[in-house]
Amino acid sequence: MGQEVTHAVLQQNYMKLQFPSLSANEALARMAVSAFVMQLDPTMEQLTEIKTAVSEAVTNAIIHGYDGGEGEVRMYCAIDGGMVDIVIEDDGAGIEDIEEARQPMFTSRPELERSGMGITIMENFMDEVVIDSTPGQGTKVRMRKVISRTSECQ
Amino acid sequence: MQTSVVNGVLVVHLEGELDHHAVETIRNDIEDQLAKNHCRGLVLSFRGIDFMDSSGLGLILGRYRSVTGRNGKMALCAVSPPLRRIFELSGILKVVSMHETEESAVRAVKEA
């Protein structure tokens, strides 16, 4: 990977977005990631999967990371070959027990009518999801999805 | 969001993007309409929904609790394939039935 880039036009690209922890910015994050991955010519299904996973991660940062209060959410997206890497990061409360948080239907905020399916959806819609979190310092969710394998075959 | 009352059942036509930002207002609007129209049955139509994440599941489960808490029934209709996938993944269809059309959803709520 990444060794024979001579003939590829869009082998590598990246973008960064940072915004305050406001629920109105959930749509902004989805639209930005959607516009960015279009250069990989994803199917409608792949695009929906990426938008949904990003929406879940950003919503978690806003609701759980910052508890609906002030803070900054950062999104970093990179294309490497036919693959997209997305990082969603916050400096919020962090997750005490990541294994517990990953369980389908687990939610720390049932009173907010959260379904507890956010991480399960991310894991089902993306090829790889890695969560790093330090209580009191923040959470970093790294997600990866292979969009096309054509560039490797040329 | 448009609502109508069909045979005593509140039918809610959801519109746009069903995310965390949108659900708070929608939740309050549905609860207000249920109370105002004295409806025990509820049908949620997803025909006008372009996007939904797990916040939509929370909205459905919350309304399911409030409707069944008053001995009412609830059903979903006009669900697109991407939404259907989220519903299937969550297991929500074990408690709330899904229908092709609004008519059959209203009938299911009425007959239950």
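User: Which residues of helix H4 (residues 102–111) of chain B are buried?

Analyst: This is a predicted model, in which local features need pLDDT of at least 70 and side-chain atom pairs count only at pLDDT 80 or more, while totals for chains, interfaces and linings use all residues. Side-chain values use heavy atoms, without hydrogens and water, residues are numbered from 1 along each chain as its sequence is written, and chains are lettered from A in the order in which they are written. An α-helix has 3.6 residues a turn, so residues three or four places apart point the same way. In H4(B), a helix being a DSSP run (H or I) of at least four residues, and a strand a run (E) of at least two, numbered from the N terminus, the buried residues (under 20% relative accessible area; exposed is over 50%, partly exposed in between, with a 1.4 Å probe and protein chains only) are Ala105(B), Val106(B) and Val109(B). They cover an arc of only 100° around the axis, taken from the directions from the helix axis to the C-beta atoms, which puts them on the same side of H4(B). On the other side, Glu103(B), Lys110(B) and Glu111(B) are exposed.

User: Which strands do the buried residues of H4(B) pack against?

Analyst: With contact meaning heavy atoms within 4.5 Å, they pack against E1 (2–6), E2 (9–18), E3 (41–52), E4 (74–77) and E5 (97–99) of chain B.

User: How many aromatic pairs does the structure hold over all chains?

Analyst: Rings of Phe, Tyr and Trp (its six-membered ring) pair if their centres lie within 6.5 Å, and planes under 30 degrees apart count as stacked, over 60 as edge-to-face and the rest as tilted. There are two such pairs over all chains. Tyr14(A) and Tyr76(A) form a tilted pair, with 6.1 Å centre to centre and 35° between the planes. Tyr14(A) lies in strand E1 (residues 12–20) of chain A and Tyr76(A) in strand E2 (residues 72–80) of chain A, so the pair ties together parts that are 62 residues apart in sequence. The ring centres of Phe46(B) and Phe87(B) are 5.5 Å apart and their planes stand at 75°, so this pair is edge-to-face. Phe46(B) belongs to strand E3 of chain B and Phe87(B) to helix H3 (residues 81–90) of chain B, 41 residues apart, and both Phe46(B) and Phe87(B) are buried.

User: What is the strand order of the open sheet in chain A?

Analyst: Strands of a sheet pair through backbone hydrogen bonds, either parallel or antiparallel. Here, where two strands pair if DSSP finds at least two bridges between them, the five strands run in the order E1-E2-E3-E5-E4 (chain A), with antiparallel pairing.
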